[in-house]
Amino acid sequence: MNAKTGSKARRASVEGLPANWRKQAKALRRYGSEPPAVALERCATELEATLIQRDETTLSLVEAGRESGYSADHLGRLVREGKIPNAGRPGAPRIARVDLPRKATAPVEPQLAEETRRRDVSNVQIVQSIIEKGLE
């Protein structure tokens, strides 16, 4: 196994982070580190809520096209054919973000805050950055 493949296999998906953080919190508690454990659990809860909100968001065909990489016409056709559920109404289709197909693209490494500025970044900003840019 090469280093590049191994590092990809070890990376967690955004959706898997809350469970991972709770597991880490449990381990921290075993060693008497209650405050960091509580912080990790709060981050896990905030991320889960943000992911649910993200998935429930509906997009117009134009917005969905920008986010997915597919054209609005193609997405409209998929909705008409029933391949994607219509989260809107007839004549004004919308697509739930959770149902949005995505064109395959090269993975992009997330941009982290510069070392000297990390304390200026809030937990909410970190979670939003992870959701927007992903980990993989």
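**Helix packing, nonpolar cores and salt bridges**

With a relative accessibility of 33%, E48 counts as partly exposed. The structure that holds this residue is a predicted model. E48 forms a salt bridge with R22, and the closest N and O atoms of the two side chains are 3.0 Å apart. This pair connects distant parts of the chain, since E48 belongs to helix α3 and R22 to helix α2, 26 residues apart. R22 is itself partly exposed, at 30% relative accessibility.

The chain contains six helices and two strands, which follow one another from the N terminus in the order α-α-α-β-α-α-β-α. Of its 136 residues, 24% are buried. The exposed surface of the chain amounts to about 9700 Å², of which carbon and sulfur atoms supply 52%. Among contacts with a separation of 6 or more, 60% are made by residues 24 or more positions apart.

Helix α3 covers residues 34-56; at 1.5 Å a residue, its 23 residues should span 33 Å, and the 33 Å between its end C-alpha atoms agrees with this expectation. A37, L40, C43, A44, L47, L51 and R54 are the buried residues of α3. Their cover includes α2 (17-30) and α6 (123-133). In α6, burial is found at V127, I130 and I131. Viewed down the axis of α6, these buried residues fall within an arc of 95°, so they line one face of the helix. The cover of the buried residues of α6 includes α2 and α3.

The largest nonpolar core has 13 residues, of which V14, L17, W21, L47, L51 and I131 touch the most other members. Helices α2, α3 and α6 each give two or more residues to this core, and α3 gives the most, with six. The contacts of I131, residues up to four places away in sequence not being counted, are with V14, L47, T50, L51 and R54. Another core lies apart from the largest one; its nine residues include L75, V79, I95 and L100.

Two members of this other core, L75 and V79, belong to helix α5 (residues 72-80), where L75, G76, L78 and V79 are buried. The buried residues of α5 occupy an arc of 160° when seen down the helix axis, so they line one face of the helix. D73 and R80, on the other side of α5, are exposed. The buried residues of α5 pack against α4 (61-68) and β2 (94-96). After α5 comes G82, with a positive phi near 80°. S68, a residue of helix α4, has a relative accessible area of 5%; this value is under the 20% limit, so S68 is buried. Beyond its neighbours within four places in sequence, S68 is in contact with L75, L100, P101, R102 and K103.

Side chains of opposite charge can pair when their charged atoms come close. The count of salt bridges in the model comes to eight. In one of them R54 is paired with E15, and the closest N and O atoms are 2.9 Å apart. The pair links distant parts of the chain, with R54 in helix α3 and E15 in the loop between α1 (3-10) and α2, 39 residues apart. R54 is buried, its relative accessible area being 19%, whereas E15, at 49%, counts as partly exposed. R54 is also one of the residues that I131 touches.

Helices α2 and α3 are joined by a further salt bridge, in which the side chains of E41 and R29 meet at 2.6 Å, N to O. Here too the pair links distant parts of the chain, E41 lying in helix α3 and R29 in helix α2, 12 residues apart. E41 is partly exposed, with a relative accessible area of 27%, and R29 is likewise partly exposed, at 31%. A network of salt bridges links R29, E34 and E41.

Definitions and conventions: Residues numbered from 1 in each chain as written. Predicted model: local features only at pLDDT ≥ 70, side-chain atom pairs only at ≥ 80, totals over all residues. Heavy atoms only, no water. Helix = DSSP H or I, 4+ residues; strand = E, 2+ residues; numbered from the N terminus. Expected span 1.5 Å × (residues − 1). Buried < 20%, exposed > 50% of the residue type's maximum accessible area, 1.4 Å probe, protein only. Contact = heavy atoms within 4.5 Å. Core = buried A, V, L, I, M, F, W, Y, C linked by side-chain atoms within 4.5 Å. Areas by Shrake-Rupley, 256 points an atom, 1.4 Å probe, with all protein chains shown as cover. Arc of directions from axis to C-beta. Salt bridge = Lys/Arg side-chain N within 4 Å of Asp/Glu carboxyl O.
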